Amino acid sequence: MSTEQTPTPRPNIGAIPPYVAGKPPTVRPGMVSYKLSSNENPYPPLPGVVEAVQQAVGSMNRYPDMGSASLYQALSDRLGVPVDDLSLATGSVGLIYQLVQAFCEPGDEVVYAWRSFEAYPIAVTAAAATSVKVPVLPDGRHDLDAMAAAVTDRTRIVLVCTPNNPTGPAVTRAELDAFLAKVPPRVLVVVDEAYLEFVRMADPVDGLATYRRHRNVVLTRTFSKAYGLAGFRVGYAVAPEPIAGALRAVSLPFGVSTVAQVAAIASLEREAELLERVEALVAERTRVVDGLRAAGWDVPEAQGNFVWFDLGERTLDFAAAADELGIVVRPFAGEGVRVSIGEDEANDRLLKLAQEFPR
Ligand SMILES: *Cc1c(COP(=O)(O)O)cnc(C)c1O
């Protein structure tokens, strides 16, 4: 038996870094705890969305509409782009996997900022492609000049995460335009707009205008954050047809479930109400950031639904102190802590922690 060969995965599989999901809160008797570790939307689903989903649940014995025709049409109408330029996926994490699968041979290079979204190195390694990580600037911004300079003959994809998870700043339209002018048109530039709806800044990126002007730009978007459907796994890409078509070709058949399609359509129909909630979260973000700065914290510009604390070796101490106060944050050991903007009470607790924790 022992001499028999067993199946072995490709060598890159063992090198895939684990995805560290945000922890659920520690249960403490008599205390409500809040999860601020996964950038989720703290609001429950809108009533109409729940009802639409409840109706759809009755058809769970059937496969979903494989072409997701209604959701493609709803997005096409909403965004003013042809259906052929869209590709749905099981969250925008699914899109990142599909992008490297469709565009990278083993050893091809994918350039992205670091620290950035932790799914990037996982997807790149899973495809046996090579990560080229370009450190973010001290204020948490992408170093787009260094990223452009990191492009080689082997580079197939550059990922631009804006706003950047976990550090918070977003790139400006002028910065992105200057960057796109430097990157060769054979290189795919992915603009990860997971937090698009939360951006409030001068000269914001206009993703759709950018996609219309370039044949090598892909926008990735999600229903997980502003739309509050993280548990249902729906994201989409907007890209010129040859790129969107390649993504559709490698997509998982029947990946987006019927309930997810229905929830996404119902959410688009109730977008005005959802965007009011986003506005309330943005107001809370402002309150939190102002409070942190008043308390002496030098936090980077927060353009998503989260704030970043550059804590280095004190990261785990901060996370433990947060846990004591009944809020769960997302520590990146040795680097810093990301804290989602949540319920008002949860945000109050973060401000209390920030006042008590030594700067
Ligand atoms: C949360 C997040 C996503 C979206 O993930 P889904 O798979 O759509 O839930 C994509 N990119 C970034 C940077 C994120 O933070």
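Me: Helix axes here are lines fitted to C-alpha atoms over the stretch in contact, and angles run from 0 to 180 degrees between N-to-C directions. This is a predicted model, so with that in mind, are helix 3 and helix 8 roughly parallel or roughly perpendicular to each other?
Reply: The axes of helix 3 and helix 8 (residues 241-249) are 9 Å apart, and the packing angle is about 105 degrees. Angles of 65 to 115 degrees count as roughly perpendicular. That's why the two helices, 3 and 8, come out as roughly perpendicular.

Me: And which residues of helix 8 make that contact with helix 3?
Reply: Helix 3 brings Leu95, Gln98, Leu99, Ala102 and Phe103 to the contact. By class, the contact of helix 3 with helix 8 has seven nonpolar residues, one polar and no charged. On the helix 8 side, the partners are Ile243, Ala246 and Leu247.

Me: How do helix 10 and helix 12 run, roughly parallel or roughly antiparallel?
Reply: Helix 10 (residues 271-294) and helix 12 (residues 344-356) have axes 10 Å apart and an angle of about 10 degrees. Anything under 35 degrees counts as roughly parallel, while antiparallel needs over 145. So helix 10 and helix 12 are roughly parallel.

Me: How many charged residues sit in the contact of helix 10 with helix 12?
Reply: Helix 10 and helix 12 pack at an angle of about 10 degrees. Helix 10 puts in Glu284, Arg287, Val288, Gly291 and Leu292, and helix 12 puts in Asp344, Asn347, Asp348, Leu350, Leu351 and Ala354. Sorted by class, that contact has five nonpolar and two polar residues, and the charged ones number four.

Me: How far apart are the C-alpha centres of domain 1 and domain 2?
Reply: The domain assignment splits the chain into domain 1 (21-45 + 270-356) and domain 2 (48-269). Their contact takes 25 residues from domain 1 and 30 residues from domain 2. Centre to centre, by C-alpha, the distance is 24 Å.

Me: Where does the largest pocket lie relative to the domains?
Reply: The largest pocket holds about 560 Å³ of space. It has 31 lining residues, and Tyr19, Ser38, Val93, Phe117 and Lys225 are the closest to its centre. Since domain 1 and domain 2 both give residues to the lining, the largest pocket lies between them.

Me: Which element gives the largest share of that pocket's lining?
Reply: By class, the lining of the largest pocket has 14 nonpolar, ten polar and seven charged residues. The largest share of the lining is four residues, and these come from helix 3.

Me: What about the second largest pocket: which helix gives the most to its lining?
Reply: The second largest pocket has about 340 Å³ of space. Of its 24 lining residues, Arg78, Glu193, Leu196, Glu197 and Arg221 are the closest to the centre. Helix 2 (69-79), strand 7 (217-222) and helix 10 each give two or more residues. The most, three residues, comes from helix 2.

Me: How many nonpolar residues line the second largest pocket?
Reply: The lining of the second largest pocket has two polar and six charged residues. Its nonpolar residues number 16.

Me: What is the volume of the largest cavity?
Reply: The structure holds one cavity of 30 Å³ or more. Domain 1 and domain 2 both contribute to the lining of the largest cavity, so it lies between them. The volume of the largest cavity is about 70 Å³.

Me: And which charged residue lines the largest cavity?
Reply: The lining divides into eight nonpolar, three polar and one charged. Its members include Asn41, Tyr43, Leu46, Tyr227, Ser267 and Leu274. Asp, Glu, Lys and Arg count as charged, and the lining residue that fits is Arg277.

Me: Where does Arg115, at the end of a cis peptide bond, sit?
Reply: Most peptide bonds are trans. The bond from Trp114 to Arg115 is cis, with omega near 5 degrees. Arg115 itself is in the loop between strand 3 (109-114) and helix 4.

Me: What is omega for the peptide bond that joins Thr162 and Pro163?
Reply: Pro163 is in the loop between strand 5 (155-161) and helix 6 (173-182). The bond joining Thr162 and Pro163 is cis, and its omega is about -5 degrees.

Me: What is phi of Asn39?
Reply: Most residues other than glycine have a negative phi. Asn39 is in the loop between strand 1 (34-35) and helix 1 (47-57). Its phi is positive, near 55 degrees.

Methods:
Residues are numbered from 1 along each chain as its sequence is written. This is a predicted model: local features need pLDDT of at least 70, side-chain atom pairs count only at pLDDT 80 or more; totals for chains, interfaces and linings use all residues. Side-chain values use heavy atoms; hydrogens and water are left out. Contact means heavy atoms within 4.5 Å. On a 1 Å grid over the protein atoms alone, a cavity is a set of points where a 1.4 Å probe fits but cannot get out, and a pocket is an open set with protein on both sides within 12 Å along at least five of seven lines; lining residues have an atom within 4 Å of a point. Grid points are joined across faces, edges and corners, and a volume is the space filled by probe spheres set on the points. Domain bounds come from an automatic or database domain assignment.
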